[in-house]
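Q: Please give a close account of one part of this structure for a reader who has not seen it before. Begin with the term that is needed to follow the argument, and then set the part in its surroundings.

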Amino acid sequence: MELVRILMEFNRYAIMNWFTLLMALTALAISPARVRAQDGQVVVVESIRFGTGIEDRELVGTGTTFTSRPDMIYCHTRIEGARPPTHVYHIWSFNGEEKRRVKLEVGAASWRTWSGRSTEALLAQGEGIWEVEVQSSEGEVLKRATFTIRRADG
């Protein structure tokens with residue numbers, strides 16, 4: 001009887017721990033990327049997307065898998081809540097190694113900005129998964145996203 005009570009108690013704690021872990025992971029997955037800067041402003045990355053061009057400050061040719069056919073791949077970011085003058089960084093990484101850091105000025109509370117890399121430069125590192133991390137002016141990670149690049153056949 002004592003063993004049954006111990007197992008029931010263990011299961012109750014195990015379920016509570018799994019539930020707590022699940023709730024924490026869910027909160028991380030759905031919460032917007034926010035960072036409170038030293039001056040009290042809350043910077044939110046509303047979106048980070050990849051595409052093959054910029055037209056009228058909007059991303060075109062969106063996707064997460066690209067070939068060497070387009071000349072450029074762009075990372076387009078929409079930021080809310082910033083107090084200019086400030087900036088963010090796009091950190092382009094391949095296989096966990098930083099390959100390029102781009103400083104991007106933020107000129108209004110609601111701001112779209114982007115950086116790009118040539119497909120030639122990306123493929124010089126090899127085919128695979130690239131990551132772009134958006135960092136605040138203080139170096140805090142606001143959001144990150146990945147895309148895949150492959151050589152075009154023929």
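A: A residue is called buried when its relative accessible area is under 20%, exposed when that area is over 50%, and partly exposed in between. Phe-94 has a relative accessible area of 6%, so Phe-94 is buried. The model in which this value was computed is a predicted one. Phe-94 lies in strand β7, and the part examined here is the hairpin that β7 forms with β8.

Some context is useful before the details. The protein has 154 residues, of which 35% are buried. Two helices and 11 strands are present, and along the sequence they follow the pattern α-β-β-β-β-β-β-β-β-β-α-β-β. Among contacts with a separation of 6 or more, 58% are made by residues 24 or more positions apart. The average pLDDT of the protein is 84, and 73% of the residues score at least 70. Over residues 18-31, however, the pLDDT is below 50, and this stretch has zero contacts in the model beyond near neighbours in sequence. Where pLDDT is low, predicted coordinates should not be read in detail.

The hairpin itself consists of β7, residues 86-94, and β8, residues 97-106. Two residues lie between the strands, and Asn-95 in the turn has a positive phi of about 55°. The strands run antiparallel and are joined by nine bridges. In general, strands of a sheet pair through backbone hydrogen bonds, either parallel or antiparallel. Individual positions show how the register runs: Ile-91 stands opposite Arg-101 in β8, and His-90 stands opposite Val-102.

Lys-103 also belongs to β8. Although Lys-103 and His-90 are 13 residues apart along the chain, their C-alpha atoms are separated by 6.7 Å. Leaving aside residues up to four places away in sequence, Lys-103 touches His-87, Val-88 and Tyr-89. The relative accessibility of Lys-103 is 48%, so Lys-103 counts as partly exposed. Tyr-89 takes part in a further arrangement: the charged end of Arg-101 sits over the ring of Tyr-89, 5.4 Å from its centre. A comparable arrangement outside the hairpin involves Arg-57, whose charged end sits over the ring of Trp-111, 5.4 Å from the ring centre.

The hairpin does not stand by itself. Five strands form an open sheet in the order β5-β11-β10-β7-β8, with mixed pairing. The edge strands are β5 (65-67) and β8, and each of these pairs on one side only. From one strand to the next, the twist averages 25°.

Aromatic side chains link several of these strands. Rings count as a pair if their centres lie within 6.5 Å, and by this rule there are four aromatic pairs. One of them, Phe-66 with Phe-147, is edge-to-face, at 6.0 Å centre to centre and 75° between the planes. Phe-66 lies in strand β5 and Phe-147 in strand β11 (residues 141-150), so this pair ties together parts that are 81 residues apart in sequence. Both residues are under the 20% limit and are therefore buried: Phe-66 has a relative accessible area of 6%, and Phe-147 has one of 1%.

A second pair leads back to the hairpin. Phe-94 and Trp-130 form a tilted pair, 5.1 Å centre to centre and with 35° between the planes. Because Phe-94 lies in β7 and Trp-130 in β10 (residues 128-135), the pair ties together parts that are 36 residues apart in sequence. Trp-130 has 0% relative accessibility, so Trp-130 counts as buried, and its partner Phe-94 is buried as well, at 6%.

Phe-66 and Phe-147 also belong to one aromatic cluster together with Phe-50 and Trp-92. Outside the five-stranded sheet described above, strand β2 (residues 42-51) is mostly covered, with seven of its 10 residues buried. Strand β2 is joined by seven bridges to β6 (residues 72-80), and these two strands run antiparallel. Within this pairing, the bridge partner of Ile-48 is Thr-77 in β6.

To draw the account together, the hairpin pairs β7 with β8 through nine bridges. Strand β8 is an edge strand of the sheet, and Phe-94 of β7 is tied to Trp-130 of β10 by an aromatic pair.

How values were computed:
Residues numbered from 1 in each chain as written. Predicted model: local features only at pLDDT ≥ 70, side-chain atom pairs only at ≥ 80, totals over all residues. Heavy atoms only, no water. Helix = DSSP H or I, 4+ residues; strand = E, 2+ residues; numbered from the N terminus. Buried < 20%, exposed > 50% of the residue type's maximum accessible area, 1.4 Å probe, protein only. Contact = heavy atoms within 4.5 Å. Pairing = 2+ DSSP bridges. Axes fitted to C-alpha atoms, helices over the stretch in contact; angles between N-to-C directions. pLDDT = per-residue confidence, 0-100. Phe/Tyr/Trp six-rings, centres within 6.5 Å; stacked < 30°, edge-to-face > 60°. Lys NZ or Arg CZ within 6 Å of the ring centre and 35° of its normal.
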